[in-house]
Amino acid sequence: WYQRRVRGHTYAHTTQRMYRSILVVLFAVLATFSVAQDNFHRIDFTLEYLGHIDAPTNTFTLKAQSEVIRTLIDNHGDIHYEVQDRLIGPVSHLNGSFVWDSSYKSFTSSIKLSFGGSHVSQPHVLNAQTLGSGYILPAHHEITTYVAQLSVNGGSGAFVNATGGIAANGYSQPDGTATWLVSGVVWLPATPPPVVIITDEKKW
């Protein structure tokens, strides 16, 4: 009788430890699933890019700095826009190319949009392509006005597996000098925390 009682107590205690370990694993898996579903990192930006469009090669190279953009609307409906500060430090580069249609009124484009980087580190790069076509819009007869929407398709550095959208609206002078206002909403997938499995130190 004493031996069976001891064995019964040992079995019950081992089973209790096993259930407790299973519950810990289950809660860890559920927590990981919840984070992976809900915790996305969003990056919003609007920058004024300055640079050059090279008509013979259908390429463009522009650059933006950290900056403060101010837009005011007065009582008469007038809109006052200015870039108040361009700060010294890491920059963003916008490089890409045009493929024009036969009328030279619409185009497709692929771009690389980089942020940061230095002589000792690589920049973080977004890859994007036009959604459908971009267009040339009527403006001053000496100014070419561009508008396009682009889809983000991954990148490198911090932007691996990034998705989202970019809107570009700008103009260029006859000599190729370009000013573009570029806005983006970029989504980065969450990195789920590691699953930690806790068990009793004693063997079952």
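What volume does the largest cavity have? The largest cavity comes to about 120 Å³. Before looking inside it, here is a short tour of the protein, which is shown as a predicted model.

## The overall layout

The protein contains one helix and nine strands. Reading from the N terminus, the elements follow the order α-β-β-β-β-β-β-β-β-β. The protein has 204 residues, and 25% of them count as buried.

## Empty space: a cavity and a pocket

Empty space is a friendly place to start. Rolling a probe the size of a water molecule over the atoms shows where such space is left.

The structure has one cavity of 30 Å³ or more. Its lining is made of 16 residues, and Phe60, Ala148, Leu150, Ala168 and Trp180 lie nearest the centre of the largest cavity. Several strands take part: β3, β4 (106-115), β7, β8 (163-172) and β9 each give at least two residues to the lining of the largest cavity. Sorted by class, this cavity lining has 13 nonpolar, three polar and no charged residues.

Now for the largest pocket, with a volume of about 260 Å³. The lining of the largest pocket consists of 16 residues, with Ile53, Ala55, Thr144, Tyr146 and Ser172 nearest its centre. Here β1 (41-54), β3 (79-100) and β7 (144-156) each contribute at least two lining residues. The pocket lining divides into eight nonpolar, five polar and three charged residues.

## Salt bridges

Which residues pair up by charge? Side chains of opposite charge can pair when their charged atoms come close. The structure has three salt bridges, and the table lists each pair with the distance between its closest N and O atoms.

| Acidic partner | Basic partner | N to O distance |
|---|---|---|
| Asp44 | Arg42 | 2.8 Å |
| Glu48 | Arg86 | 2.5 Å |
| Glu67 | Arg86 | 3.0 Å |

Take the pair of Asp44 and Arg42. Asp44 is partly exposed, at 44% relative accessible area, and Arg42 is partly exposed as well, at 47%.

Next comes the bridge between Glu48 and Arg86. Glu48 sits in strand β1 and Arg86 in strand β3, so this pair ties together parts that are 38 residues apart in sequence. Is Glu48 buried or exposed? With a relative accessible area of 11%, Glu48 is buried, because the cut-off for buried is under 20%. Arg86, in turn, is partly exposed, with a value of 33%.

Arg86 also meets Glu67 in a salt bridge. Glu67 belongs to strand β2 (residues 59-73) and Arg86 to strand β3, so the pair ties together parts that are 19 residues apart in sequence. Glu67 is buried, with a relative accessible area of 16%. Through shared partners, the salt bridges join Glu48, Glu67 and Arg86 into one network.

## A nonpolar patch on the surface

Which residues make the nonpolar surface patch? Phe40, Val185 and Trp187 do, and the patch covers about 270 Å². Val185 is part of strand β9 (residues 177-188). Val185 counts as partly exposed, at 37% relative accessibility. Strand β9 has already appeared in this tour, as one of the strands that supply at least two residues of the lining of the largest cavity.

## Two loop residues with positive phi

Two residues in loops are worth a look for their backbone angles. Asn58 has a positive phi of about 55° although it is not a glycine. Asn58 is found in the loop between β1 and β2, and it is partly exposed, with a relative accessible area of 25%.

Where is Tyr104 placed? Tyr104 lies in the loop between β3 and β4. Its phi is near 60°, a positive value in a residue other than glycine. Tyr104 is exposed, at 55% relative accessible area, because exposed means over 50%.

## Looking back

To return to the opening topic, the largest cavity has a volume of about 120 Å³ and no charged residues in its lining. The lining of the largest pocket, by contrast, includes three charged residues. In the viewer, a good route is to find Arg86 first and then follow its salt bridges to Glu48 and to Glu67.

Conventions. Residues are numbered from 1 along each chain as its sequence is written. This is a predicted model: local features need pLDDT of at least 70, side-chain atom pairs count only at pLDDT 80 or more; totals for chains, interfaces and linings use all residues. Side-chain values use heavy atoms; hydrogens and water are left out. On a 1 Å grid over the protein atoms alone, a cavity is a set of points where a 1.4 Å probe fits but cannot get out, and a pocket is an open set with protein on both sides within 12 Å along at least five of seven lines; lining residues have an atom within 4 Å of a point. Grid points are joined across faces, edges and corners, and a volume is the space filled by probe spheres set on the points. Helices (H or I, at least four residues) and strands (E, at least two) are DSSP runs, numbered from the N terminus. Ala, Val, Leu, Ile, Met, Phe, Trp, Tyr, Cys and Pro count as nonpolar, Asp, Glu, Lys and Arg as charged, and the others, Gly among them, as polar. A salt bridge is a side-chain nitrogen of Lys or Arg within 4 Å of a carboxyl oxygen of Asp or Glu. Buried means under 20% relative accessible area, exposed over 50%, partly exposed in between (1.4 Å probe, protein chains only). Patches are made of residues with over 30% relative accessible area and no salt bridge: like charges are joined within 9 Å, nonpolar side chains (Val, Leu, Ile, Met, Phe, Trp, Tyr) within 5 Å. Accessible areas come from the Shrake-Rupley method with a 1.4 Å probe; for residues, only the protein chains shown count as cover.
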